[in-house]
Amino acid sequence: MAHCVGDCDYRNAGLPSSGMDVTDELRTRVRGLIQAMPGAQRDFAAGIGLDETKLSKALSGARRFSAGELVRIAEYSGVTVNWLLNGSDEAKTVTAVPAPAARSIRVPPDLEPRRRILETAWQLIAERGYHRVRVADIAKACGTSTATIHHHFPTKTEVLNEALRRNVKLAFDRQVAELHTVQDARQRLLRLVELQLPKDGLLRDEWSVWLQVWNESAINPKIRSLYWDSYDRWYNTIAMTIRSGQEQGVFRAQDPDKATAQLTALIDGLGIQVLTGRPGSSVAAMRELLHDFIEQNIAAEPVR
């Protein structure tokens, strides 16, 4: 089945738990979120950046939610895309599920200010760097007081921890939304690479936050367990995909953990070069090098 980046058909996403079509269950869950959130449906549509008419059509079955829309719904509502599609944060899917310690905690509707604070802090850290962002900066950008920030996040370290969890959740949501219908492991691995490139916008911001976390974890042992829980999810997703490709015969027989270690190390190193502006580095060059590595070291050798 071809992978989808825009409007995906979710009817084959998994086994319905109640006899309903998977898309019916998805719409039911989104309706429940709308009812639980403060405000009307139009406020929910505005919160996820979707035209209200398009939201209404998706809820009635006249159109399908795109992968990007599912990610925005999950982010705005404090749930995971896995829950939206399959009814559980822990449901088995094509990407590894984050450990509870690394996963963002669901944000109830009455704690919307906490979500807004975290999104703002995450963006400021990505743009300015962890050590250049003050609690006062977060409060100013949120239009609130430092006391309110400290009410939700007593220390700045806790803000960084939650920023990391948000990174993990964003990546998990995006991968589930875009990859759950991709049956071919080779295509799934190439798509995983594409989702990890530090392109301008959200992906570059995520990489920026990861750089802050790498730096802090190197000097602060207290943050390392959270970092490794987070990194393990990404590592395990690659390993799952390689094992799946070996079972399908599209990847060569070899130690999947060794291949995963090599590929993830290459992604990390090339990503850092792009973010730090190393001469000659670029997203396009990174993509080409990663595709070459997959073809030469992971893909099954062509039959002669």
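This report walks through a predicted model of a single protein chain, from its overall make-up to its empty spaces and a few individual residues.

**The overall picture**

Let's start with the big view. The chain has 14 helices and zero strands, so its elements simply read α from the N terminus on, one helix after another. Of its 304 residues, 50% count as buried. Take the contacts between residues at least 6 apart in sequence, and 68% of them join residues at least 24 apart.

**The largest pocket**

Now for the empty spaces. The largest pocket holds about 270 Å³ of space. It is lined by 17 residues, and the closest to its centre are Val71, Arg72, Glu75, Arg166 and Leu170. Three helices each supply at least two lining residues: H4 (67-77), H6 (112-128) and H9 (156-179). H4 gives the largest share, with six residues. By class, the pocket lining is made of seven nonpolar, three polar and seven charged residues.

Where does the largest pocket lie with respect to the domains? Domain 1 (22-92) and domain 2 (101-173) both give residues to the lining, so the pocket lies between them.

**The largest cavity**

There are also three cavities of 30 Å³ or more in the structure. The largest of these has about 230 Å³ of space. It too has a lining of 17 residues, and Ala171, Gln196, Glu206, Trp210 and Trp234 are the closest to its centre. Here H9, H11 and H12 (224-248) each bring at least two residues to the lining. Sorted by class, the cavity lining comes to nine nonpolar, four polar and four charged residues. Because domain 2 (101-173) and domain 3 (182-207 + 217-303) both contribute to the lining, the cavity lies between those two domains.

**Helices H6 and H7**

H6 turned up in the pocket lining, and it's worth a look for its own sake. With 17 residues at 1.5 Å a residue, H6 should span 24 Å, and its end C-alpha atoms are indeed 24 Å apart, so the two values agree. Its buried residues are Arg115, Ile117, Leu118, Thr120, Ala121, Trp122, Leu124, Ile125 and Ala126. These pack against H4, H7 (135-142), H8 (146-152), H9 and H11 (202-219). Just past the end of H6, Gly129 takes a positive phi of about 105 degrees.

H7 has its own buried set: Val135, Asp137, Ile138, Ala139 and Cys142. Among the elements that cover these residues are H6, H8 and H9. H7 is followed by a glycine as well, Gly143, with a positive phi near 70 degrees.

**Three residues to find in the viewer**

Here are three buried residues to click on, each with its place and its relative accessible area.

| Residue | Place | Relative accessible area |
|---|---|---|
| Arg27 | helix H1 (22-36) | 14% |
| Leu197 | loop between H10 (185-195) and H11 | 0% |
| Thr260 | helix H13 (256-275) | 0% |

Arg27 counts as buried because its 14% is under the 20% cut-off. Leaving out residues up to four places away in sequence, Arg27 touches Ala58, Leu59, Ser60 and Gly61.

Is Leu197, in its loop, buried or exposed? Leu197 is buried, since its relative accessible area is 0%. Not counting residues up to four places away in sequence, Leu197 touches Leu203, Trp207, Val283, Met286, Arg287 and Leu290. Another pairing to look at is Leu197 with Leu270: they are 73 residues apart along the chain, yet their C-alpha atoms are separated by 9.3 Å.

Which residues does Thr260 contact, leaving aside its neighbours within four places in sequence? They are Tyr235, Ile238, Ala239 and Ile242. Thr260 itself is buried at 0% relative accessible area, in helix H13.

How values were computed. Residues are numbered from 1 along each chain as its sequence is written. This is a predicted model: local features need pLDDT of at least 70, side-chain atom pairs count only at pLDDT 80 or more; totals for chains, interfaces and linings use all residues. Side-chain values use heavy atoms; hydrogens and water are left out. Helices (H or I, at least four residues) and strands (E, at least two) are DSSP runs, numbered from the N terminus. Buried means under 20% relative accessible area, exposed over 50%, partly exposed in between (1.4 Å probe, protein chains only). Contact means heavy atoms within 4.5 Å. On a 1 Å grid over the protein atoms alone, a cavity is a set of points where a 1.4 Å probe fits but cannot get out, and a pocket is an open set with protein on both sides within 12 Å along at least five of seven lines; lining residues have an atom within 4 Å of a point. Grid points are joined across faces, edges and corners, and a volume is the space filled by probe spheres set on the points. Ala, Val, Leu, Ile, Met, Phe, Trp, Tyr, Cys and Pro count as nonpolar, Asp, Glu, Lys and Arg as charged, and the others, Gly among them, as polar. Domain bounds come from an automatic or database domain assignment. The expected span of a helix is 1.5 Å times one less than its number of residues.
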